[in-house]
Amino acid sequence: MIGHDVFLPTPLPVLCVGITVMLAATAWRRSVDRSFLSGMVTLLLALAFVGHHTGTAPDNGDSLFIQDRWTNYTAILIMLSSMCILLMSWRDGTHDRTTLVDEYPLLCMLGALGALTMVFSANYMPFFLGLEILGISLMGLVTFRHRPVMQGCEAAMKYLILSGVSSAILLFGVGLAYGVTGSLRFMPPITTGDVSPALPVAATVMILIGMFFKLSVVPFHMWLLDVMEGAPVPVAAFLAVVSKIAIFSALVRYFGTGDQPPFLNDILYVVIILTIIGGNLLALRQTSFTRLLACSSIAHVGYLLIAFLCPGRLQSGAITVYLAAYTASTLGVFAIVTAMITPERPDGTVIAQWKGLFFSHPFLASAMSLMLLSLAGIPPGIGFFAKFEIAATGVEHQRNLLLGVLIIGSIIGLYYYLNIIRVMMTAPPLPSASLNRHVRPELMALVIVLTVIVVIGGLFPARAIHPLLPVSPVVPAMQNEMTMH
Amino acid sequence: MSPLPALVLLPIMGGGLAWLTERIQLHTATTSPPSRNASWWMMLATLIVETLLLAGITFGHPTRTGPWLEHFSMPWIPTMGIAVRLDLDGLSLSLIWLSLILCFLCACLATRQVTVKSGAFYFLFLMTLTGIIGTFVATDLFLFFFFWELMLVPMFVLIAVWGHEDRQRAALKFFMFTQGSGLLMLLSILGLVITHDRETGVLTFDYFALAQTPLSPTLSMLLMLGFFIAFAVKLPVVPVHVWLPDAHTQAPTAASVLLAGILLKTGGYGMIRFNVMLFPDAAIHFAPIAMGLGVVGVLYGAWLSCAQNDIKRLIAYSSISHMGFVVLGIFTGSRLGMQGAIIQMLAHGLSAGALFLIAGAIQDRLHTRDMHRIGGLWAAMPRLSASGLFFAVASLGMPGLGNFTGEFLVLLATWPVSPAIATLTTVGLVLAAIYALRMVNRVFLAAPRVDPLLLKDLPARQTAVFACVMIFLVVLGLYPQPFMIFSGPSPLSVTATTSREDHAP
């Protein structure tokens, strides 16, 4: 199955080499700054090689990896987000100064490697490897919060157990799929005649459940809130952005972008409705910023799945723009939250602590409002256009129920996003001179860049949808196979 | 080169400059009083340039070729068929004039009191203006929706930061209602576009192209309802009016004027431009319900207005009542009713805007809006009281003033359709007299209840500004003919490039 000539997208070996170098450097002499720096350089290099690959792809599609515009796009998103997250974590005020934390960038890089592997995989094996690399490095990252040690450990334990369970379910599904088709190709199993049709359906559902766990859609979402709250803020951003993009990318790769089989349609319908309503309702009562963002990220995955369920001309544009909008806005929000957490103010994630931010940090507060409005789908942020596209795909397919849910979810969402803005506008109880007015310059730069992206993307979204990706080249292959059978 | 993009973008850019001016001055000079003026002058300059531009458009077309005065088009998102399409007809033009006049009023009378972060206030104020003007000229449905949503954000901030005691709840309510209904309109827009795409194979958001879409009656009704709900919330029509009294009461004076004077008119504008003109058949079928809602609005708004003790709340409820006339006029289906509705919008914009300014002036002096605690202002403040009396009388529909013309035309157009509705509506006029005169009695004429030392009458300059508005109202009341002809919406099929005179005398 695997020839000598291994087809390998270049970013993967680049990342591997970079991580090995980092590891060796850590063994030689420990230095946090150097570790972060080499992480950034590695990511930049990998980014530069994103369109390249070694070896030739076999014609029959039986390779371990695949590379097309969709993988490249999501890979770029993942690498850029990882860079943002590294930047946020560098000189993180909550880190314990007494211990060196150069494992942190290493684990971040490993997580990015896992995510990239998932994106590029065209076979169950690299997919599962990537999933586990991502999961295990995330477990390490989650414990990096030193302030309440127990909370970090608790979050990591929750993550470990639930991630293990979901991996087991997924693996079971993969095994069933292999049993049905005798192939490890990364696509839904198709019956070959004499096998009972229930088996491939069971395999697909189990794989889907495994993915849903990682994607944290609603019946499988319980872990996300606690884990994100217990984790350091940049790691929460990693969970909300990088790992979700990777899983979503794999989901699209796996099921293709055509019409889904009816049983899958029904499952997705129910899951989307639950996810949007559940995520938004959960967010209403949150008092912690990271928990609220966790809920909102659940809801956003629900919106994305609407576009996934509506194949057609508008679909790829909608998914692309939405991913970009979600990534930029969420990262922006997390960057600002990071900026607000200082050693003097470790409880910066409590929403009530944000009172009067418009008076103490006008720029940060304005940027924050812009990001939140973009997440809520209000112009001029890019989120407006993204939500518009999602609604367009839904209307094109007349998914009226989903559209109704989208509207209800958006209105609930608007309430809690606006509520944060409201809190920031409330005059502070006392002039807080103790507030740290100094924001780390690299964070400031990051916030500015993300703000510019959000605004420019919102005003001129044509550029964002111009290099439209034919989302899944797996589809023709699959259809060929279907016609063959 | 069409001046329309400049018309839309000028306010927001001027606002940005005003904000910058303030920030620069704050950094360079520590003495604050003169620095505040610079950004105010910047705002005034922006408004003046904008007015000159608009005047140029209005009077600079001796060789007007068609009912659409100006046209501008530039691709924006070609893959989705979205373009920056701006068109200007008499309806848009007259509403933009109304917006500018009210902005001048606010700039002269209401923004000097803003002392906290005034630069940001001016910026948001002008940004709202950009959203409003954009709404009035956009003929690409996506662009229209963009502006429609865009104007909410600055208004939300204006209310939430500079408003009165319960401002934040009011601001939230305002935003949620308008945005939620806006999403329904978004679905309608998309439904129309996708249907057009299915029928013709062209994906476009062009207003004129979409107007030609063949629609089944049911679909047409559904799509029209989506638009109608959004506009009904904005206008507001009665069951969905709950945001309005709070928002108007809690907003700072300038924002109240913008809200009552222009933001509500975007709802009326949308009903004319989109409901009636895009879906004429569905609108005819829907007309009985809409007219029923209109009457309910007229009576309910007036009835509640009679029971208010808060001046701003009273004016807010009276706005609901007056907007009922607009719905009624638009859905009579006759040209006369439409003209009446437009005149009513213009006149109400002026009179309600002025009333809010007077209420704001009273509140600045007395720090209360409660009519039980205000009284007998006439002796101490004759100029302010006289203006208040004038605008209150205008708002109750005194013949000879603009509001009367509008209401009369609407009633005239309603009578042939349904005498019963016309009769019922007339009761609203009686109620209007009750609440308006009650306000006049309590506030201006009753026995003095406050320390006269607090009361400083309007300065002469501000009285002059009010006098200008009075003149406008009188002109609208005595000689409405040119406005009736001029401000009608242009027919769909004709753009500025083709020539056809379609103006009824």
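**Figure 1. The interface between chain B and chain A holds zero salt bridges.** The model shown here is predicted. Chain B gives 34 residues to the contact, and chain A gives 36. Together the two chains bury about 3,200 Å². Carbon and sulfur atoms account for 81% of that area. The size of an interface is often given as the accessible area lost when the parts come together.

**Figure 2. Asp226(A) and Lys158(A) form a salt bridge.** Their side chains meet at 2.8 Å, N to O. Asp226(A) sits in helix α8 (residues 222-230) of chain A. Lys158(A) sits in helix α6 (residues 149-181) of chain A. The two residues are 68 residues apart, so the pair links distant parts of the chain. Over all chains, the structure holds 17 salt bridges.

**Figure 3. Helices α11 and α12 of chain A pack against each other.** Helix α11(A) covers residues 262-284, and helix α12(A) covers residues 289-309. Their axes lie 8 Å apart, at an angle of about 155°. The two helices are therefore roughly antiparallel. Their crossing is left-handed. On the α11(A) side, the contact residues include Asn265(A), Leu268(A), Tyr269(A) and Ile272(A). On the α12(A) side, they include Leu292(A), Cys295(A), Ile298(A) and Tyr303(A). By class, the contact has 16 nonpolar residues, five polar and no charged.

**Figure 4. Helices α15 and α18 of chain A cross at roughly 40°.** Helix α15(A) spans residues 362-376, and helix α18(A) spans residues 441-459. Their axes come within 10 Å. The crossing angle makes α15(A) oblique to α18(A). The crossing is left-handed. From α15(A), Phe363(A), Leu364(A), Ala367(A), Leu370(A), Met371(A) and Ser374(A) make the contact. From α18(A), the partners include Met444(A), Val447(A), Ile448(A) and Thr451(A). The contact residues divide into 11 nonpolar, two polar and no charged.

**Figure 5. Helices α11 and α13 of chain B cross at roughly 15°.** Helix α11(B) runs over residues 253-278, and helix α13(B) over residues 311-330. Their axes come within 11 Å. The pair is therefore roughly parallel. The crossing is right-handed. Among the contact residues of α11(B) are Thr253(B), Lys265(B), Gly268(B) and Met271(B). In α13(B), they meet Lys312(B), Ser319(B), Met323(B), Val326(B), Val327(B) and Ile330(B). This contact counts nine nonpolar, four polar and two charged residues.

**Figure 6. Loops of both chains carry backbone exceptions: a cis bond joins Pro379(A) and Pro380(A), and another joins Leu235(B) to Pro236(B).** Most residues other than glycine have a negative phi, and most peptide bonds are trans. For the bond between Pro379(A) and Pro380(A), omega is about 10°. Pro380(A) lies in the loop between α15 and α16 (382-396) of chain A. For the bond from Leu235(B) to Pro236(B), omega is near -5°. Pro236(B) lies in the loop between α9 (217-234) and α10 (243-250) of chain B. Ser216(A) has a positive phi of about 55°, although it is not a glycine. The loop between α7 (198-215) and α8 of chain A holds Ser216(A).

Definitions and conventions: Residues are numbered from 1 along each chain as its sequence is written. Chains are lettered from A and ligands numbered from 1 in the order in which they are written. This is a predicted model: local features need pLDDT of at least 70, side-chain atom pairs count only at pLDDT 80 or more; totals for chains, interfaces and linings use all residues. Side-chain values use heavy atoms; hydrogens and water are left out. Axes are lines fitted to C-alpha atoms, for helices over the stretch in contact, and angles run from 0 to 180 degrees between N-to-C directions. Helices (H or I, at least four residues) and strands (E, at least two) are DSSP runs, numbered from the N terminus. Angles under 35 degrees count as roughly parallel, over 145 as roughly antiparallel, 65 to 115 as roughly perpendicular and the rest as oblique. A crossing is left-handed if the near helix is turned anticlockwise from the far one by less than a right angle, and right-handed if clockwise. Contact means heavy atoms within 4.5 Å. Ala, Val, Leu, Ile, Met, Phe, Trp, Tyr, Cys and Pro count as nonpolar, Asp, Glu, Lys and Arg as charged, and the others, Gly among them, as polar. Buried area is the accessible area (1.4 Å probe) that two parts lose on being put together, summed over both. A salt bridge is a side-chain nitrogen of Lys or Arg within 4 Å of a carboxyl oxygen of Asp or Glu.
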